[in-house]
Amino acid sequence: MTTVLAVALGATAEARDPAQDERDLLKVEAALCRAFETGDADTLRKSLDKHFTLTDSKGTVTNLDQNLAEVVKRDPVYEVFKNHHQKVRLYGDAAVVTGITTLKGRSGKTQFEGDFQFTDTWVHREGQWKLAASHVTRLSKPAAP
């Protein structure tokens with residue numbers, strides 16, 4: 001029985017088109033960027049896994065509810081939240097996307113901007129990609145275009 005279950009689960013992952021998975025992941029990554037820019041908590045709620053964690057550039061780990069609360073509160077406010085230089089690696093029902101996020105905005109009265117290297121870990125659940133974890137590190141120099 002275990003072998004049958006393993007084969008069935010493996011077949012599910014293989015049935016998807018890797019090129020389509022890559023396009024879908026990049027599309028949802030872009031949608032998440034727009035959601036942070038516009039304060040769209042609904043899009044985040046749909047695209048982040050219920051166990052989502054973010055490790056920020058200071059090493060602070062936050063969960064889904066904490067991230068949604070920031071977006072609803074609109075602090076920070078992002079003028080720019082854009083990913084670039086992205087690479088996608090697929091592992092069946094999981095994927096890792098790396099790249100650079102360029103941010104510009106304000107938190108309270110403090111302005112900020114910078115480039116951040118990110119690693120996003122995705123899982124394919126219920127027919128869609130869900131962001132399970134993200135880790136960011138501030139780059140000391142701006143990323144090359």
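This passage walks through the overall fold and the two largest pockets of a predicted model.

The protein chain packs four helices and six strands into its secondary structure. Read from the N terminus, the order is α-α-α-β-β-α-β-β-β-β, so to speak a helical start and a run of strands at the end. Of the 145 residues, 37% come out as buried. Among contacts with a separation of 6 or more, 53% link residues 24 or more positions apart. The accessible surface adds up to about 9000 Å², and carbon and sulfur atoms hold 56% of that.

Next come the pockets. The largest one has a volume of about 880 Å³. Its lining takes in 31 residues, with L54, D56, Y78, L103 and V136 the closest to the centre. Two or more lining residues come from each of α2 (18-38), β1 (48-55), α4 (64-73), β3 (77-91), β4 (94-107), β5 (110-125) and β6 (128-138). By residue type, this lining splits into 15 nonpolar, nine polar and seven charged.

The second largest pocket has a volume of about 270 Å³. Here 15 residues make up the lining, and D24, K27, V28, Q128 and W129 sit closest to the centre. At least two lining residues each are supplied by α2, α3 (41-47) and β6, with α2 giving the most, six residues. The lining of this second largest pocket consists of three nonpolar, six polar and six charged residues. Both α2 and β6 thus turn up again, having also given two or more residues to the lining of the largest pocket.

Key: Residues numbered from 1 in each chain as written. Predicted model: local features only at pLDDT ≥ 70, side-chain atom pairs only at ≥ 80, totals over all residues. Heavy atoms only, no water. Buried < 20%, exposed > 50% of the residue type's maximum accessible area, 1.4 Å probe, protein only. Contact = heavy atoms within 4.5 Å. Areas by Shrake-Rupley, 256 points an atom, 1.4 Å probe, with all protein chains shown as cover. 1 Å grid on protein atoms, 1.4 Å probe; cavity = no way out; pocket = protein on both sides within 12 Å on 5 of 7 lines; lining within 4 Å. Points joined across faces, edges and corners; volume = space filled by probe spheres on them. Nonpolar A, V, L, I, M, F, W, Y, C, P; charged D, E, K, R; others polar.
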